[in-house]
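Subject: Structure handover

Hello,

Here is the structure I promised to pass on. Please open it and keep it beside this email while you read.

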Amino acid sequence: MSTHVYRPQERVYDLLSKEEVKSERPPRYVSKFRPAVIQEEKLPKRPMRTMGPAKVEAPSPENFLKKHSKEPKLPDKVKEGRINPLRKPPVPTHTEIPPMGIQTKRDFIKTCTFVTTKPKPISVDTHKGHREELENSGRVPKYIKKTDFGKVPAYLQHRNTEKQKAQELYDNYVKEQREKQAMKQLSEEERRDILEGLKKNWDRIHHEYQGLSVVIDTWSKRAHKERLEADMKHLEKKIEMFERFKVIYISEN
């Protein structure tokens, strides 16, 4: 088995001396705050700045929490010979002479007489004993004593008069239009005949609509379906109008 080693071909250009290209590194980054940081490091620092005091005095074992130590303390008892301002003076003895000649303008008859007030009637509306004043509970017929009780309010009277005026104006307008355009009022039989004819047309179109295919895949089928739906909506509006209005006018033209 022969081995073949691949060797590149020699060229004349390889014999020429080549200049060595030295790659220069960019200058090292130095922060502009470096001198300020060095100057701050040289300044004297305050001791125990972050870790707290170096030495803490240990608590004494004698200062333990005692019973009733946090309860509020009452004031000390008043010593003998001093008068406590919170207590009333003692009752005078039979040997003491009361002060004489003291007069006052106070009327003891008026101040001491007690005027009895009649309690307000209450109402209990729940089994749990909820109480409220009877007057405000709505069970006292106090509104029937008003002067305008049982009368039509003024705003309703004003509204009724405006409604009556509007109806009169409308009637006059219809009368004028009838005279100008010779409008004719449909009789009840004609209105019923037209209504029955509209309903028959709607039933016919609805029957045709129900007979459409389930899958509508062509433009002609879609247009036919939309036309039937539009005709049904138009007939529904006309039927609703003839059922709602009993008096209908039509022009001779």
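Arg139 is exposed, because its relative accessibility is 54% and the cut-off for exposed is over 50%. Please note that this is a predicted model. Arg139 sits in the loop between β2 and α3. Which residues does Arg139 touch, leaving out those up to four places away in sequence? They are Ser123, Val124, Asp125 and Leu134. With Ser123 there is a polar contact, side chain to side chain, at 3.1 Å. Arg139 and Ser123 are 16 residues apart along the chain, and their C-alpha atoms are separated by 8.9 Å.

The loop between β2 and α3 also holds Phe149. β2 covers 131-133, and α3 covers 154-181. Phe149 helps to form a nonpolar patch on the surface. Its partners there are Tyr143 and Ile144. The patch measures about 340 Å².

**The whole protein**

Now step back to the full chain. The protein has five helices and four strands. Read from the N terminus, the order is α-α-β-β-α-β-α-α-β. Of the 253 residues, 6% are buried. The accessible surface is about 27200 Å². Carbon and sulfur atoms account for 55% of that surface. Now take the contacts between residues at least 6 apart in sequence. Of these, 51% join residues at least 24 apart.

**The nonpolar core**

How many residues make up the largest nonpolar core? The count is 10. The members are Leu186, Leu195, Leu198, Ile205, Leu228, Met232, Leu235, Ile239, Phe242 and Ile248. Helices α4 and α5 each give at least two residues to this core. The largest share comes from α5, with five residues.

Look at Met232, one of the core residues. Not counting residues up to four places away in sequence, Met232 touches Trp202, Ile205, His206 and Tyr209. Ile205 is another member of the core.

**Arg191**

Next, find Arg191. This residue lies in helix α4, which spans residues 188-210. Is Arg191 buried or exposed? Arg191 is buried, because its relative accessible area is 6% and buried means under 20%.

What does Arg191 contact, beyond its neighbours within four places in sequence? The list is Phe242, Glu243, Phe245, Lys246 and Ile248. Phe242 and Ile248 also belong to the largest nonpolar core. The side chain of Arg191 reaches the backbone oxygen of Phe242 at 2.5 Å.

**Salt bridges**

Side chains of opposite charge can pair when their charged atoms come close. In this model the count is six salt bridges. Three of them are worth finding on your screen.

Start with Glu188 and Arg191. Their side chains meet in a salt bridge at 2.7 Å, N to O. The two residues are three apart in helix α4, so about one helical turn separates them. Glu188 is partly exposed, at 34% relative accessible area. Arg191, at 6%, counts as buried.

Next come Asp217 and Lys221. Their side chains form a salt bridge at 3.6 Å, N to O. Asp217 is exposed, with a relative accessible area of 57%. Lys221 counts as partly exposed, at 36%.

Then go to Asp231 and Arg227. This salt bridge has an N to O distance of 3.8 Å. Both residues lie in helix α5, which spans residues 219-244. They are four residues apart, about one turn of the helix. Asp231 counts as partly exposed, at 30% relative accessibility. Arg227 is partly exposed too, with a relative accessible area of 43%. Elsewhere, salt bridges that share partners join Glu188, Arg191 and Arg192 into one network.

**Where to look again**

Go back to Arg191 once you have seen the rest. Arg191 is buried, pairs with Glu188 and reaches the backbone oxygen of Phe242. Then return to Arg139, which is exposed and makes a polar contact with Ser123.

Best wishes

Key:
Residues numbered from 1 in each chain as written. Predicted model: local features only at pLDDT ≥ 70, side-chain atom pairs only at ≥ 80, totals over all residues. Heavy atoms only, no water. Buried < 20%, exposed > 50% of the residue type's maximum accessible area, 1.4 Å probe, protein only. Contact = heavy atoms within 4.5 Å. Areas by Shrake-Rupley, 256 points an atom, 1.4 Å probe, with all protein chains shown as cover. Polar contact = N/O pair within 3.5 Å; in protein donor to acceptor, adjacent residues only side chain to side chain. Salt bridge = Lys/Arg side-chain N within 4 Å of Asp/Glu carboxyl O. Patch = residues over 30% accessible without salt bridge, like charges linked within 9 Å, V, L, I, M, F, W, Y side chains within 5 Å. Core = buried A, V, L, I, M, F, W, Y, C linked by side-chain atoms within 4.5 Å.
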